[in-house]
Structure formats: structure tokens, C-alpha cells
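Dear colleague,

I am handing over the structure we spoke about, and below it you will find some notes on its aromatic residues. Please read them with the model open beside you.

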Amino acid sequence: MTQAGRQSSPRNSSGRNSSGRNEAKGGTGRSNAGGFSGRGGSAGAGKRNFTQGEGRPFKASKPREAAPFDPDNPSTAGDYDRGQAARPVKPFRKPGSNKPGFGKAPGTPGALKPKAKPARQYGSKAFGSERFGQNLGPIRKPGRNRGPRQEVPQSDLHDVDGVRLQKVMAQAGVASRRVCEEMILEGRVEVDGVVTTELGMRVDPTSAVIHVDGIRIQLDETLVYMVFNKPKGVVSTMEDPEGRPCISDFLKNNKNKGERLFHVGRLDVATEGLLLLTNDGELANRLTHPSYEVPKTYLVQVRGPFPQGVGAKLKNGVELEDGVAAVDSFRLVDSTPGHVLIEVVLHSGKNRIVRRMFDAVGFPVERLVRVKVGPIGLGDQRQGSIRNLGRQEVGHLLASVGL
């Protein structure tokens, strides 16, 4: 098509923005029902035209009236904003109010037991860098009544020729000297039974009795504390005239082999498990004395099935030839066809007491292992091995007998 033909074409006679097209559409430029102007319109093109219909101004909706806020019932404010009716608010109920016994005075029958307050947590733990003794739980003290503690002025505990308290604690492995100072200021340290908060206090390491968080610090480096996992067939003596295997045979490779040690308590030849070895005579005497009631934990294997009621009988007491004996606790650990594994805890130190008690109820012991004495347990210690107790373990052990 020639150039003149293109110009005279009906499609291009007035260009793309032909006024004829706009008039046919009824406006200037493109428009839609929403009132938005097109690109080729007059001034104001591209802006929203707030008109509805023919010349009627846009009428905005009336804002919803806000209901007055009720300070006695603030939970209904959201309902007013949404234009809804106020919903009834449920009365406040204290946690645990639906439990039986709620509201009864403590100590009355059926009343809820009061929750124990959690122990205060400190930033630094005494002997926190040691491998053993991290999970021994709270300090267990003997139940003996020793009378009221005497109040002693802190000035009377000060020894001019002694060593600073924080230095003694640091040398004993409690923590660094700076952390020990924080422990003293927090009131966590006792010297001879008196809480001290003075950083300048000096003590005599050879005679002072120091506790940190209730744990006794053993300052005498000559004292030895060990735990031995005795195998079956070993005699609980240091020497045996009959030539049977004894404790000293397992101390040959130990650095304390020349030390005169006491074995705390005894285990018969057929019984396995934990034996404490020490040269601390006072501790050995208290651990074996019945008045301190140091608990001992045993794993007992007997033939099954084990009927109900036998455990209650052992807890209530069994008549033996030397008197009545009872266990402190009884727990069924495992059961396999023909065998039952039971855990018992008792504080009696009589000879072969566990075997005699199970014989009395008609279930002879097949295997017996002592796994714990006081706060000290075997854990994963290999049978026949001997290890030294950590300082924290020693502190718990001393505290259990009032040392």
C-alpha cells in the first residue's frame, strides 16, 4: 500500500488516540467500571476518579461507633471492635483448683502436699571440674540429733598465722581463687560450723573444718579413699592364710599398694560389688556403725516367678535367728523366664543379711551384687578395678556420717 493509502486508511485516519474513538467510548482515554482513567485522557489521567454513576459523589461508609471500654471487664474490648456482643467471661481459676483436696489446710487429711521449693542455684559449683561425683544429689546428713549449733563469732575463727581461706579452698581443688572468693561472699562457706563472709579470714589447714555448699573439704593429703569392684571368689581381707585371692592382690599395681588400708564392711566370697578402701579410721568406724544408718544398695537375682506380697513382707520385717530384719526399699528391676532381678536398699550391716532374708521368704539368692554404699556408686567401673574417689565424692561420703 502506498503512503497516501496508509494515511487515508480508516484505521489510521486520526492516529491511535483518535478523538472519534474516545467519543464513541464515552470519555477521554480508556476507562473501566471502577472509575480508573486510561492513559490517553485529560489532566488527571492515571488517578482514581471518585465518582459512581453519573455525577453522584462517592459516599464513604460510616465509621463503626466504638463502644465504651469497661475497665472491670477488659476482655470484651476485642468484641466491641469487631461489632460483636460482649461474651461472658469465664471466672479466673487457680492452677490445680480442680484437684481433690484443693483449698484444704496443709496437714489435714486429703490436703494437697505443698511443693518443695527448688534449691538455690549458684553460678559456680564446688569441684565442678571433676569427672566423678557430679550427680550425687543433695547432701545427705545423718539423722542423729547433735543438739543446737553453737554460735561462734567469726573473729574467734581467724588465725593470724594461718592461710587465707580462699587460698586453702583453691589448693583443695574447689575452684579458682577468684571463684572461691565469690563463694565466700555468697555465704556458701562454713568454717568450723560457722558461715563466714569475710575474705580476709585466715585458717589453719591442719585443724580447720571447712564445708562448701555442705560438702566437706578434706585438707589432709595423707588420707586415701578408694572404691574396689570386688569380683566373685575374692575374699574381703588384705591377706588370706589359705592362699585365696584377696584385696591386696588387686593393689599390686596401685600407687597406694604400700599404704595400710581398711576395707569398709565385708562381702562374702560369692558376693560381688562395691567395697570402700581407706586409711581414714574415723570414717571407716562411722560407716560401719549402725547408729549412722548408711544405706547400702544391692541387686539380687532369684528364680522366678516372684509372687506379689513377698516384697511387702521383706519391708515389714522377716524373723531371723538374730532378730527381725527389714529392707528400706524393694523394687523389681527386670524379669526374664525363670529369673527375677530385684533392687533392695537396707542399712543393716549384719553378716550375710541379704541372703538370709531371701532364704527366709523362700527365694534363695542366685547372684548378689552391691552397687552402692551411701552416696558412692559403682557406675560403669570395671570388675576387679580400683579407683580413687574424687574430692566431691569424699565430701559427700564424709557428710553422710556427720564429718
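Phenylalanine 228 is buried, its relative accessible area being 0%, in a model that, please bear in mind, is predicted rather than experimental. Its ring belongs to one of the 3 aromatic pairs that the structure holds. The partner is phenylalanine 250, with 5.1 Å from centre to centre and 45 degrees between the planes, and the pair is classed as tilted. Because phenylalanine 228 sits in strand β9 (residues 225-230) while phenylalanine 250 belongs to the loop between β9 and β10 (262-264), this pair ties together parts that lie 22 residues apart in sequence. Unlike the buried phenylalanine 228, phenylalanine 250 is partly exposed, at a relative accessible area of 30%.

Another pair is formed by phenylalanine 306 and phenylalanine 330, whose ring centres are 5.8 Å apart; their planes meet at 25 degrees, and the pair is therefore stacked, since planes under 30 degrees apart count as such. Here phenylalanine 306 comes from the loop between β12 (296-303) and α8 (310-316), and phenylalanine 330 from strand β15 (residues 329-336), so that parts 24 residues apart in sequence are tied together. Phenylalanine 306 counts as buried at 17% relative accessibility, because the limit for that class is under 20%, whereas phenylalanine 330, with a relative accessible area of 22%, is partly exposed.

Finally, these two residues do not stand alone, as ring pairs link Phe306, Phe330 and Phe363 into a cluster.

With best wishes

Key. Residues are numbered from 1 along each chain as its sequence is written. This is a predicted model: local features need pLDDT of at least 70, side-chain atom pairs count only at pLDDT 80 or more; totals for chains, interfaces and linings use all residues. Side-chain values use heavy atoms; hydrogens and water are left out. Rings of Phe, Tyr and Trp (its six-membered ring) pair if their centres lie within 6.5 Å; planes under 30 degrees apart count as stacked, over 60 as edge-to-face and the rest as tilted. Helices (H or I, at least four residues) and strands (E, at least two) are DSSP runs, numbered from the N terminus. Buried means under 20% relative accessible area, exposed over 50%, partly exposed in between (1.4 Å probe, protein chains only).
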